[in-house]
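Work through the exercises below with the sequence and the 3D structure open beside the text. Try each task before reading its solution.

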Amino acid sequence: MSSKSNDKKKEILGRYGIIVTFLLIFGLAIVIAAGKIVFTNEGKEWRKVGKEEFKLSDRIILPKRGNIFTYDGKIMATSEPLYGIYMDFRAGGMIKDTLYAKVDSLSIALSKKFKDRSAAQYKNII
């Protein structure tokens, strides 16, 4: 019986050796690839790509909070989106003559859309 158990141990150790060898080769390949990226010109190119792709945004985006319900299922608090429209009159693409020619139609459209001011009030603001 001892020869059969020794044969099984040798078979298991052989399989274990193959797996360990494969994992060592795989780990060595990872170390070589990382070293190649760190110490060669390829690494400089990847760092350049990373700097181009990584851009910080100047806007803060708040998460949606959702609804809060009372014990009987009625809504106690809810989140509503808030939108704003802004216009930069000092932008390079804006020509004063064009704005002055279209200010009447723009103020009428804004008053119809938002209904918080009259067309004359929007014209005075613009």
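The exercises cover confidence, salt bridges, a surface patch, two serines and some loop residues.

This is a predicted model, in which local features need pLDDT of at least 70, side-chain atom pairs count only at pLDDT 80 or more, and totals for chains, interfaces and linings use all residues. Residues are numbered from 1 along each chain as its sequence is written, and side-chain values use heavy atoms, with hydrogens and water left out.

**Exercise 1. Confidence**

Task: State the mean pLDDT of the protein chain, and find the helices where confidence is lowest and highest.

Solution. Start from the scale: pLDDT is the predictor's confidence in each residue, from 0 to 100. The protein chain has a mean pLDDT of 83, and 93% of its residues reach 70 or more. Next, go to the helices, which are DSSP runs of H or I with at least four residues; strands are E runs of at least two, and both are numbered from the N terminus. Confidence is lowest in helix H2 (residues 41-53), where the mean is 82, and highest in helix H4 (residues 119-125), at 90. As a reading rule, predicted coordinates should not be read in detail where pLDDT is low.

**Exercise 2. Salt bridges**

Task: Describe the salt bridges of Glu11, Glu42 and Asp72, and say how exposed each partner is.

Solution. Side chains of opposite charge can pair when their charged atoms come close. The criterion for a salt bridge is a side-chain nitrogen of Lys or Arg within 4 Å of a carboxyl oxygen of Asp or Glu. By this rule the count is four salt bridges; three of them are worked through here.

For exposure, buried means under 20% relative accessible area, exposed means over 50%, and partly exposed lies in between (1.4 Å probe, protein chains only).

1. Glu11 pairs with Arg15, with 2.8 Å between the closest N and O atoms. Both residues lie in helix H1, four residues apart, or about one turn of the helix. Glu11 is partly exposed at 44%, whereas Arg15 is exposed at 53%.
2. Glu42 pairs with Lys36, and here the closest N and O atoms are 3.8 Å apart. Glu42 is partly exposed at 28%, and Lys36 is partly exposed at 49%.
3. Asp72 meets Lys74 at 3.9 Å, N to O. Asp72 is partly exposed at 43%, while Lys74 is exposed at 55%.

**Exercise 3. A nonpolar patch**

Task: Which residues form a nonpolar patch on the surface, and what is their accessible area together?

Solution. Patch members have over 30% relative accessible area and no salt bridge; like charges are joined within 9 Å, and nonpolar side chains (Val, Leu, Ile, Met, Phe, Trp, Tyr) within 5 Å. Areas come from the Shrake-Rupley method with a 1.4 Å probe, and for residues only the protein chains shown count as cover. The patch consists of Ile19, Phe22, Leu23, Phe26 and Ile30, with about 550 Å² of accessible area together. One of these residues, Phe26, is in helix H1 (residues 2-39).

**Exercise 4. Two serines**

Task: Are Ser107 and Ser111 buried or exposed, and what do they touch?

Solution. Begin with Ser107, in helix H3 (residues 96-114). Ser107 counts as buried because its relative accessibility is 2%. The Ser107 side chain reaches the backbone oxygen of Asp104 at 2.8 Å. Contact means heavy atoms within 4.5 Å. Leaving aside neighbours within four places in sequence, Ser107 is in contact with Ala119, Tyr122 and Lys123.

Now take Ser111, also placed in helix H3. Ser111 is buried, with a relative accessible area of 15%. Not counting residues up to four places away in sequence, Ser111 touches Arg117, Ser118, Ala119 and Tyr122.

**Exercise 5. Loop residues**

Task: Locate Pro81, Leu82 and Lys115, and give the relative accessibility of each.

Solution. Pro81 is in the loop between strand E2 (75-77) and H3, and is exposed at 60%. Pro81 and Lys64 are 17 residues apart in sequence, with their C-alpha atoms 8.5 Å apart. Leu82 is in the loop between E2 and H3, and is exposed at 81%. Leu82 and Ile61 are 21 residues apart in sequence and 12 Å apart, C-alpha to C-alpha. Lys115 lies in the loop between H3 and H4, and is exposed at 69%. The phi of Lys115 is near 55°, a positive value in a residue other than glycine.

Methods. Polar contact = N/O pair within 3.5 Å; in protein donor to acceptor, adjacent residues only side chain to side chain.
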